[in-house]
Amino acid sequence: MGSFDFEGKPVPFEEGDTVASALFRAGVRTFSRSLKYHRRRGLYCMTGDCPNCILTVDGEPGLRSCCTDARKGASVERGEGWPSTERDVLSVADHAHRFLPVGFYYKTFTKPRFAWSLAEKVIRRTTGLGDLDVDRAPSIPQVRHVAPDVLVIGGGVAGLAAARVAAGDGKAVLLCDEGRIGEKVAPGGSLDRIRALEADVRTLDSVTVLERSTAVGIYDGPLVAIAREDELLRARPERVVVATGAVERHPVFEGNDLPGIWLGRGAARLAGIHGVVPGNRAVVVASTAEGLSHASTLLDAGVRVALVAPRAFTERWPADAFAIPDGRVVRAHGSKVISSVDIAAGDETRTLRCDALVLSIGLEPRDGLLRMATELDAVVAAGDAAGAFGLDAAEESGGRAGRGETSAAGNRRNETSAPAPTAGYVCLCEDVAVSDLEQAWEEGWRSSEILKRYTTATMGPCQGALCGRHLARFATERSGSAETGARTTSRPPARPVRLDTLAAGIDEIVEKRTSLHDLHLELGGHLGWSGSWKRPFSYGDWRREYHAVREDASVMDVGTLGKFLVAGRDARALLDRVFPTRVSDLSDGRARYLLALDEAGYVIDDGIISAVGEGRFFVTSTSGGADAMEAWLRNWADRLDLHVHLVNQTAMLGAILLAGPRAREVLSGLTSEDVSREAFPYMAVRDLDVVGVPCRALRVGFVGELGYELHHPRRSGPALWRALSDAGVAVGMRPHGLDAMDLLRLEKGHFFLAQDTLPDDHPRKLGMEWAVDMEKESFVGKAALQRMAELPLERKLVGLEFDRTPERGAPLHLDDRVVGRVTSCSRSDALERDIGLGWLRAVDGRFARRLRCGDTQAIVVETPFYDPEGKRLRA
Amino acid sequence: MLELIPTHVCVISCLASHEALVALHPPEAAYLCWVADDELMLVGRPEASDELQRLAGEALIGDDDAVVLDVSDGWSAWTLSGAGTDDVLERLSELKHSGDGYLQGDVAHVPVRLIAHAERLHLLVPATWEEHLRSRIRAAATGLDLRVSPPADWSLA
């Protein structure tokens, strides 16, 4: 069929081979090294449950090679060990258990203090499952949202039966399996039953079968995440049938992690499907009928088999084949691979030479997914996952689940009562032995959950599939309490999942644009993120833009502002009731600044409210606060049972700020309306026709100059901007962006919400008491403000002057104490001073005036810094 | 073949009492969407704005508080048709339509109003997200032979 490269050498593979089976056929026996002690690990489960066969394929680490198809030209390598996995110098750690006890990072390398930082570097370098290529660009797959009536997870007997029955009941069914249907099952009765059911299911139009599709998590809903090669499915079914089968019980005894030790299904799969014997001389320990069948599979494959099984089984074994009745494994021996095993039967212990030890001592439900959904009634188990072992039981169980006759109460099954292990490796993933659990218990970590956290058992790639029950049994036996020894919490992902798969369908920022976006690019605007908006920060020279505002005229795209029309018979009542600004006496054509407070009296937004006639109001908010403002107003309208109509006009209206001492000159040339100071005073609102564009114009002053905020139909934005710009050429107009605006507003002492403010700011802390009418009968937050007015002010936002502009965020010191922080700062060209805003905490009930900020001095001053009487913006 | 058509529409927002709104019957070429109990959206051809506002105003004359607004500028519209339309929607949204009708909800993480009619999907998105939705539709159509057609006026045909 072909070959792939394995650490520089070609390895041939046959049709149907996985990477693991091809490598084993080629003589590879050590597939990995254990996490901590670098012990050799060989193939074990061959079902994707254990960590032993994890390799790096084509640069992708963490792949279970027993479930990865062999591919021509692929590059395969092992990850652990130095200088190589085969000859690993770091395996000396296996002789240094004394220095690497459980929880050693809390105990060893702690003195002197620098020892740990050195040791940590070495430990990080020598552990892990391979190297991730961080320069490789992720290929983020698509996401797909599906909503079948029934989702069946698992394409075994129970799953196929459930799908068939559900489809027969008229349901739309999605069946997913992490592999191909039946690929992990050795030839025999089980595979025959699967094929028969599969043939039925594939004829049904209402069943969609998705192979190589791994359910990695079940969430509230239920929502099930299914990872595929090139997409992530987000499934929201009415009902989920978890038919994820069983894992073979992981035997724990001394030497139990040697290469050459197999779980029964793994050995049978290797021999029965891939035609490769796990060894020539195998000891098979079989406690179940299935185990006996695995032993027969190996015998038929030409392996010399010594059977260790209950007498009822050994009596059925060929007379000329060796058998030990009622025996149990005591210890396995070997160095690179197993060489012998001690079997105790009665009073006698015998040592059997072997090159393979195959263990088939029972099944346990593979219930990691199921245990994520114990609170979800729509998620039920079927087949082995429900403890219904055996083909007939599995099919019957699947049928009932498919029909909806199974209760989710069955998901909360009691665990088995098998005894806890006494020696050997409990957790193969994390190299945790029984002795480690005993030591941790002695140290006082005495429950399954805390043992897990301290020893890291169950936290590896298998996520407790093999070791979780052993941990629980250990804690139960030691404590005598089933609750103390409960299974630890199961959380997604149930199987390893790539990070780029988890990123499927996620939009880091959903970009908003104004209608002037392309125009800004044309003008050479430097666009960047401002919240979720793309906005121009400058057009090349922000200081020139700043000067244009202060000395001539300028335009700015403020279309990002939140904009709302509030209408209806209770519009005025609602706005007067919720805002601390008085609205009851706001006459048509007039506007007021408003703060929005929450019920604790904290500032949540600010804006302008305008009365626009016919009992309607136009409310603006900050760009980032639009959605929250809408929700807030709607919520209060409902709570107060007030009849209003609220239209969010943020998207439908653009807005252009025309500002500067010559702004009126520009505007008057473009409209026939009277825009004089007398006809259109500060904080007035007028409807103007500007070069044929209907505008709602507000006289505002955020930047401290004569300004008109022109709200217009969005699609007219480019034409309006061009008309203003053309008319402004004569007065030296240029556009300005956010960088210039930052200094302009700072000079006026205006805060930026969330930059200069904190979540628990009330108006007094911000020096905004003037914006609150405490004489009003009520408004949102009034009671809280009344209470806070009786308390001393502990912190406030202040204006600052510096010797030299510091870094934004720099701490403010009084002597050696940090008493505040700079939130905004800049060199002011107009004032020829370095100014800023910042937080200042009271010390002994007083606010200091002189402070230190790094190596510069700061003085607290009154704001606004620029035009404190507001003459320019009221021009 | 999958086709994406930038669509010119007029959108009229009608806010009034539920009792008043149920009396509103749009002309054939327009589509009526119930946004909320007290809010309807009429979608029609661009030149139909005045007529739809007039019809809405007449129908709602009994409600003094009614508001009828042309909000066309606030919306961008896209029409998807052809093989793969439902696949694109599956990749962008949990919304499911069974046959013709109106839905509203999250599509590509933005609020969209969706009209399914005659095997076409009309998606109306707040204009601020026009480019975002366009790019997400194109990404979701990977592998589906998408053709972006020239802009066309709204049609229910």
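Biologist: What makes the meeting of the B:Arg134 and B:Glu131 side chains a salt bridge?

Modeller: This is a predicted model, and in it the N to O distance between those two side chains is 2.8 Å. The cut-off for a salt bridge is 4 Å between a side-chain nitrogen of Lys or Arg and a carboxyl oxygen of Asp or Glu, so the name applies. In general, side chains of opposite charge can pair when their charged atoms come close.

Biologist: Why are B:Arg134 and B:Glu131 said to be about one helical turn apart?

Modeller: Both sit in helix H4 (residues 130–140) of chain B, and they are 3 residues apart, which means a separation of about one turn.

Biologist: Why is B:Arg134 called partly exposed?

Modeller: Its relative accessibility is 26%. Buried would need under 20% and exposed over 50%, so B:Arg134 falls in between. B:Glu131, at 27%, is partly exposed as well.

Biologist: What makes A:Glu396 and A:Arg400 a salt bridge?

Modeller: Their N to O distance is 3.0 Å, and the limit is 4 Å, so the pair qualifies. Both residues belong to helix H8 (residues 391–403) of chain A, 4 residues apart, or about one turn. A:Glu396 has 44% relative accessibility and A:Arg400 has 31%; both values lie between 20% and 50%, so partly exposed is the right term for each.

Biologist: Why is it said that A:Asp326 and A:Arg311 tie together parts of chain A?

Modeller: Their side chains form a salt bridge at 3.8 Å, N to O. A:Asp326 is in the loop between strand E20 (323–325) and strand E21 (328–334), while A:Arg311 is in helix H7 (residues 311–314), so the bridge links parts that are 15 residues apart in sequence. A:Asp326 is partly exposed at 46%, and A:Arg311 is too, at 44%.

Biologist: How do you know that A:Arg715 and B:Asp73 form a salt bridge?

Modeller: Their closest N and O atoms are 3.6 Å apart, and that is within 4 Å, so the bridge counts. Between chain A and chain B there are 5 salt bridges, and over all chains the structure holds 77.

Biologist: Which residues of chain A lose the most area to chain B?

Modeller: The two chains bury about 2700 Å² between them, 52% of it on carbon and sulfur atoms. A:His145, A:His645 and A:Arg715 lose the most on the chain A side, together 23% of what that side buries. The contact involves 32 residues of chain A and 31 residues of chain B.

Biologist: What makes A:Lys184 and A:Glu178 a polar contact?

Modeller: Their side chains are joined at 3.0 Å, and the limit for such an N or O pair is 3.5 Å, so the term fits. A:Lys184 is in the loop between strand E10 (173–176) and helix H4 (189–201) of chain A. The residues that A:Lys184 touches include A:Thr47, A:Cys67 and A:Arg269.

Biologist: Why is A:Pro492 called partly exposed?

Modeller: The value for A:Pro492 is 33%, which is neither under 20% nor over 50%, so partly exposed is the conclusion. A:Pro492 lies in the loop between helix H11 (468–479) and helix H12 (499–502) of chain A. Among the residues A:Pro492 touches are A:Val216, A:Tyr219 and A:Met372.

Conventions
Residues are numbered from 1 along each chain as its sequence is written. Chains are lettered from A and ligands numbered from 1 in the order in which they are written. This is a predicted model: local features need pLDDT of at least 70, side-chain atom pairs count only at pLDDT 80 or more; totals for chains, interfaces and linings use all residues. Side-chain values use heavy atoms; hydrogens and water are left out. Contact means heavy atoms within 4.5 Å. Buried area is the accessible area (1.4 Å probe) that two parts lose on being put together, summed over both. Helices (H or I, at least four residues) and strands (E, at least two) are DSSP runs, numbered from the N terminus. Buried means under 20% relative accessible area, exposed over 50%, partly exposed in between (1.4 Å probe, protein chains only). A polar contact is a pair of N or O atoms within 3.5 Å; within protein, one must be able to donate a hydrogen and the other to accept it, and residues adjacent in sequence count only if both atoms are side-chain atoms. Lists of a residue's contacts leave out its neighbours within four places in sequence.
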